[in-house]
Amino acid sequence: MSGFAADREPGIPLDNRKEECSGTGSGCTEENSKHDSAAYLGNEIKSRAVVKYSAAPPPASYALLQEKTDLKLPPANWLRENPQLGSAGTTILGSSSKSKPFSSFGMAYDFIDCIGDDVDVVSDSENIKKLLKIPYSKSHVSMAVHRVGRTLLLDELDIQELFMRSSQTGDWTWLKEFYQRLIDQKWQRKKKSKEHWYQKAILSKFLYYSINGDGAAESVPDNLNEGEEENGAEGFSPSWPTTFTSTPPDPEESHGHKQENASVDSSFALGHVTSVQNVQEQNLLTLFDEGENSQGLKNDFVRNIMWTFEDIHMLVGSNMPIFGGGRYPAVSLRLRDNNKPINILTGIDYWLDNLMCNVPELVMCFHVNGIVEKYEMIKTEDIPHLENSTFSTRVVKDIAQNVLSFLKSNCTKEGHTYWLFKASGSDIVKLYDLTTLCEEAEEEKYQNPFTLPVAVLLYKVASNLILKARQNRKHYGTIRTLLLNCIKLLDQERHPQIIASAHYMLSELFQLDEPLEEDGEESLRGGGSEDSYSEEDEDLTEDSDENGSFANCSRPQDDSKAVAVIRSVGELSVPEKYKSTHLIRPNCAFPISQDKEERCRHVLSYVLKGLKAVDGSIKKESDLPAADPNIPIPLQYEDRSAMGACAAEKGISLPIERACPVQKDQKHPTRSGMIPGSWQHRMKLQLFLKASKAYYVLSDAATNLLKYGRALRYIKLSLQCYDAYCSVSGTLHPHVLQFHSQCLSLCGDIQLMLAQNASNRAAYLEEYSYQTKDDQEILHSLHRECSCQAFNMATDLAMDPEYQLFVSTKCYEAAYELLVSEVLKDQAPDQLAQVRKRLGNIRNEMGVYYMNQAAAMQTENEGALALDGFAPFVHFPLSNCVSPSHPLEKKSVSTAEQELWKKSFSFFEKGMQDFEAIRDNTNTALLLCNTGRLMRICAQAHCAVSADQCRGEFSPEEALYYNKAIDYYTRAMKSLVSRETHPAVWDSVNWELSTTYFTLATLLQDYAPLSRKAQEQIEREVTDAMMKSLKYCDLHTESARQPLYQYRAATIHHRLASMYHSCFRNQVGDEHLRKQHRSLAELHYSRAVSLFISLKDAPCELLRALLERVAFAEFTMAGQSSCVAKLKSLTAALEIMTDTRYAFQLIDKELQEEQTEPDGPDQAEPERSLDVASGSASGLNLEEVKKLIGVFEPSFSFLLLQVIKLMATTKRKSSKMDEELLKRYKSVYSKLLRAEKSAPLHTQVRLYMELLQELTTQTDSSNPGASS
């Protein structure tokens, strides 16, 4: 046998097994002990019941009472608490006890997953039966209706008891006046008849007899009269709450002591949805621990059943006793007076009870004047066919569908309390919106006793949905609607905790760290009111005139206040009289924006409202200084260029101290008066952290937009929020510290960008100084907890780039120290690698900054360009550098310059360690390359100067630093392994290495240290350095540097040829060595000429190389004695001279371009202009051309004269060809002698071109490379 339970706690949750049974004419049940799921399929309707929860023990068999048993006499156990009857055992109300005013909310709280989408109705079974009996009954109906999503919550609204309370408290007087004016003008409390209480007592005694058949009956005590019975019944009637209009007890006083030693759990520090749920559950517990039973918010039903009636899903609560055992595993017991036939209302009542509880049979006990006569067993499907109680189950189904459609179509606003009312004897059913009527009556909305339970239910449903929202963002609009309606219902002064939590949950809806998915936008962007639900069935509008529009249907003139009216209860029996609109789904708009700033602004607005709710609930505000939220708090900036390094170091060390994990035992109130562990304390932690994250995202977005002033302002606000969080929190969770590391890293990025973009400082200052009103108010809330000054040094807008780089370095170092601390060790390897990379980069930037400072100081002191022609370095990729040709004044290296070198070298070394730690070979190579550049600057500073301020010999210090530079460049090449690793970096390092070798060789050759080394040793070193430089000249890979490599290779061959030429001229004695030098000189001259010709833009260099080659041939001829040999050498030299025609063609072309565009832009390549040591210049050097022509003309004249003399004096017989050749030589020589020396340059060039063309013996005289 199953009975009632006074308390739900000892209940036994049953497995929600769902087993469908079907049949016609008979019910289906499971095994005796468990009948949690079954289906009833009669001839006309479908029913299915699933027990969600049951507090009843296993059903026990009932006792058959003997005939003539007098039920007027109480059994020995009457009114004693019995686990099988539960609450029925302590009252005389039995199974028909009145519903508590908030019974549906108690069920909704327990089965929150079902609310809003899966269930259509939540109510007491008695209310469901009362609604379905409306067309058959003349009794009054008064119910409160609330909507949450697609779920309706129905509760009995005892208007009589409500007005009795109103006469005592003065509340709801407007409703009483409204009721008396429009509904019942002569209202007075109606007392129940003596017959009513007599029948209740008989039923109660019958139930006790049925569980104790062996007990002897005792006579009724004389002092128990009917009046006392009635009073007893009144004592157990539901009492309306009396505390909704009073201020709730201070949570700090009631719960502060319990949570005194509580620390912020890790879930709170994270701010994730899971933690939100924990916060909400704990908050709700503290809200409703006290007075819970008196408020009627507890689920006191013996069983909660998910009942599906046709297509209507209902969560119902039932206290009907169920008996079982033997032949009948589950039956319900009923007591009937044999003199009174069963009417249709009783039949429907019995039938619905059995359907809801899945009871297949009913046992009826008949009595006459309390004397038992007989029992009768009735199957559930036979109840509709009983004599005098015949009804159509199909009609009952139509009534259920019409009532639900009517309510769902008109109860459209969440948070509103609707009143469904039918007066006794009336056929008209009216629906009123009590919330709107209350507002019209100009009374406080908080007088509505349903306000708080509805708000809490909306809050709990939203809390449950937010967990699902991570997987399905279609819930976002619903969650937002629920929370906004919850906030509308509550007064911030009375319920700050729920309001603060709701605002925090609203802020959680906006994903700050993830882009919104395109596939979810369409469903989320739908329009709709934020507190109502729209119709999706277009047929409803089309047929509204035929079926009657609920808003405009005919009604009495005095009924204008009703939302909707059912003109006659008979309409409810008409199939589909009211369209089935219970498939309506909420179409809630959720503000979606791809703009991160807009999303963050939404988050911050909700955070601010939450902070205001929390701050408003904290007392002891008189101790705080008054602050005007309309006055902005200035974000200070100052020029730190004059600040000493020690002071800056001290200021910047603060972020590192604050970044360390804090372990405090907070026992004292915070600065604002919060008690650690209180709900205010926990909520502020969440809100501070959320605000910090929102400002971080804003800062990151501004950084991507290159708005660095705005970015610095946002990261300052983010760190101020974090500072306030630290001041309130006793323990910092690892995830909070990890987020703080991200903030510090971003702050470092911004300071670095500000240092690199100093030209826009005025615009950045304007962005940095701007503040919104929300930002100001959030700052004021932060200042209630701390001064928020801990990170000022890291987030101030300084004027000094060096200081900004220094701040950036310290921010990265602090972020790194956090990630390698014991708390976060090995928890974020990817983030650690990123911070280590940033740390390596900023150290490279610092190294480059000090290196450029040293180069600038050196240039300033020497008054000339740097020896290696360094361009100021700012960021990767490295710039190209080559050697200049101008000597420098040498001054002693200053201490300041040496300190800059040391600083630069130290930062480069640390940066290399950072990149090596994360195995970033590319950046390691770049830092090695920069270190090599620093060594070249050091070498330049150590050049020797003679007494007359001329460049002296190549010094050992220069050689030392150049060799160190070569070592670093070589290491960089080894770090990259191959060009495929990173072609751009490989090419850059390759160029720098070639440049360094070339510079070293050039200085050795031009300023040979003959005082320290022998000529031969210097020649070997020059040759070795030149050949190594030539080795790294990539002549085959097509790139922007290919012409530069070709020019350098040609210059190297030219220099080597000149050196061997000089050796050949000066070498005496060793004929073998002379031949070797001659051969090498010829080889390098030939390659130099070939490369210069291929360049097509180096005519001067080509002309010089050819003239030197001619001079080499002339020197060779001077050592010859045979006329034939001399003639042969002169002819060869003359052929070389004819090759100069191509050089003159290039010069003529340049001169023509200069004449047509005298003011044209400089066409020379920038990188070529830097390579001063190689002899290249931008544009055509006219002075150089004139000098070369001054060498060309006499050399050409000398060769022609010598050839003519030798050919004229030769003794062998001349051939006809020789005679013509001699004639041609004479003609050319004659023209050359008659040429005007003062003619314009372009005229001279064209004359030489014509003369050289005339000497050309080949048919294709325009091919200059044929004889080279």
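Two strands are taken to pair if DSSP finds at least two bridges between them, and the legends below apply this to a predicted model.

**View 1. Overview of the protein chain in the predicted model.** The protein chain contains 43 helices and 13 strands, and buried residues account for 56% of its 1268 residues. Of the contacts between residues at least 6 apart in sequence, 78% join residues at least 24 apart. The accessible surface of the chain comes to about 54800 Å², and carbon and sulfur atoms contribute 49% of that area.

**View 2. The open sheet of 3 strands, ordered β8-β9-β10.** Pairing within this sheet is mixed. The edges are taken by β8 (331-337) and β10 (371-379), each of which has a single partner strand, so one side of each is left without a neighbour in the sheet. From one strand to the next, the twist averages 25°. Strand β9 (residues 361-368) runs antiparallel to β10, with which it shares 8 bridges, and V368 stands opposite I371 in β10.

**View 3. Helices α5 and α11 against the sheet formed by β8, β9 and β10.** Helix α5 (residues 194-211) packs on the sheet and touches β8, β9 and β10, its direction making about 135° with that of β8. Helix α11 (residues 344-357) also packs on the sheet, where it touches β8 and β9, and its direction makes about 165° with that of β8.

**View 4. Strand β4 (residues 141-148) and its surroundings.** Of the 8 residues in β4, 8 are buried, so the strand is largely enclosed by the rest of the structure. In a regular strand the side chains alternate between the two faces of the sheet. In β4, V141, M143, V145 and R147 point one way, while S142, A144, H146 and V148 point the other way, and all of these residues are buried.

**View 5. The pairing of β4 with strands β5 and β11.** With strand β11 (residues 418-422), β4 pairs in the antiparallel sense over 5 bridges, and K422 in β11 is the bridge partner of V141. With strand β5 (residues 151-156), the pairing is antiparallel over 6 bridges, and L154 in β5 is the bridge partner of V145. The hairpin formed by β4 and β5 has 2 residues between the strands, and G149 in the turn has a positive phi of about 65°.

**View 6. Helix α39 (residues 1140-1156) and the helices that cover its buried residues.** The 17 residues of α39 reach 25 Å from the first C-alpha to the last, close to the 24 Å expected at 1.5 Å a residue. Its buried residues include Y1142, F1144, L1146, I1147 and L1151. The cover over the buried residues of α39 includes α36 (1071-1095), α37 (1099-1118), α38 (1123-1138), α41 (1182-1209) and α43 (1241-1255).

Technical notes:
Residues numbered from 1 in each chain as written. Predicted model: local features only at pLDDT ≥ 70, side-chain atom pairs only at ≥ 80, totals over all residues. Heavy atoms only, no water. Helix = DSSP H or I, 4+ residues; strand = E, 2+ residues; numbered from the N terminus. Buried < 20%, exposed > 50% of the residue type's maximum accessible area, 1.4 Å probe, protein only. Contact = heavy atoms within 4.5 Å. Areas by Shrake-Rupley, 256 points an atom, 1.4 Å probe, with all protein chains shown as cover. Expected span 1.5 Å × (residues − 1). Axes fitted to C-alpha atoms, helices over the stretch in contact; angles between N-to-C directions.
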